[in-house]
Amino acid sequence: MTTDTTESDKTRGSDPAPEVTNVSDRIVEQFESIKRTRRRRALGWTGLLGFIIFVTIQAFAATELLDPDARIGTLLASLNEFFPITYYFDVIPFLDFGRYISFIRDANLLYDPEIGRLLFQLPPSATDVYAFFFTEFGIFQIFGEAGITLAMGFVGTVVGFPFALVFGTLGSGRVTPFPFNFIFRGTMSFIRAVPAIVWTLIFIPFLGLGPASAALAIAFDTIGNLGRLFVDELEEIEEGPVEAIRTTGANKPQIVFFGMLSQVRTAFIGWTLYVLEINVRIAVTVGVIGAGGLGFVVTAQQNLLQFTNMMATLISIFLLIISVELFSQRLRSRLRSDDVKMGLWELITGFPRRMATSALK
């Protein structure tokens, strides 16, 4: 009995050694596997970086930047025109903003006095005020060339929105079953594949070269871009409200309207305002080819080599774009209940303080 017990103890005593060895071997093997994985990953990243560098060099060659025809003298001369300098007391250099303001006023870039005097006159005339709103339709025209640019972006957004809503809703797999939803998705993809400036060229034979062609082109562009954003929002909605509406016996249109669109109403409005900002920028771009507005003025002054006037127009474009963005941002913040409500004046005057607060965080 004693012998059996001793042998049993020896047997139990000899078991841990192989077990420890096996654990140690597994740790070493796992460690080697991690090292191999890291080496493969490092080689992969190195290969990817090399490929990116190779493609970048090819792109530089295709754009002729490897052997550019650079003219430093011409650049410096144009910069002197873009930023005209006036010397006070023949010593102190100062940027001559007066030349910018003069061209902005003379070219009616931001304000048209012919339209404005109908509204701003003393004493006020009811006939002229009526003419301003209902005869001259001067709400946009009072802002001169900037108003034409703003009107093109606004019309493009308003005309494109209902089509984007329909195409975006029907393009969602939750509303239209596969593969029929891809009819609408494919249409929006085709519209997005054609830039707005090309759509403008397409509509020129129909409406002529002017703001009308540009506005219709921006509307088409809005259908593709805004509709795609609507599709993405509908794909992310909660299923609970949809099921709740369905259990009440609602039909398909009621399910879509009350169960789906009601969830994304705020997001849809926010995206529409964001696309309005983009459309105003697009209106500047299509104006370059002659569609009117500030973009056309930029091209005209560039062709005349009037770089000071061109810079004044660029300043007007900046003022227009930043004004639209501030307006859009305020409306979108009103839609978000967690945002602090601020008026436009507070938004502008409090900008330095908010920047300082953000930098110190």
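**Close-ups of a predicted model**

**View 1. Pro93 and the residues it touches.** Once neighbours within four places in sequence are set aside, Pro93 is left with contacts to Ile85, Thr86 and Tyr87. This is a predicted model, so keep that in mind for every view here. Pro93 sits in strand S2, which runs over residues 92-95. Its relative accessibility comes out at 52%, and because the exposed class starts over 50%, Pro93 counts as exposed.

**View 2. Asn309, a buried spot in helix H16.** Here we zoom in on Asn309, which has its place in helix H16. With 18% relative accessibility, Asn309 falls in the buried class, since the cut-off for that is under 20%. Skipping the neighbours within four places in sequence, Asn309 makes contact with Phe103 and Gln301.

**View 3. The largest nonpolar core.** This core has 20 residues, and the ones touching the most other members are Leu109, Val280, Leu294, Ile317 and Leu320. Four helices each give two or more residues to it: H4 (97-106), H14 (265-291), H15 (294-303) and H16 (307-335). H16 chips in the largest share, with eight residues.

**View 4. Ile317 up close.** Which residues does Ile317 contact, leaving aside its neighbours within four places in sequence? They are Val284, Leu294 and Val298. Both Ile317 and Leu294 are among the members of the largest nonpolar core that touch the most others.

**View 5. A second core.** Separate from the largest one, there is another core made of 15 residues. Among them are Val175, Met260, Leu261 and Phe268.

Notes:
Residues numbered from 1 in each chain as written. Predicted model: local features only at pLDDT ≥ 70, side-chain atom pairs only at ≥ 80, totals over all residues. Heavy atoms only, no water. Core = buried A, V, L, I, M, F, W, Y, C linked by side-chain atoms within 4.5 Å. Buried < 20%, exposed > 50% of the residue type's maximum accessible area, 1.4 Å probe, protein only. Contact = heavy atoms within 4.5 Å.
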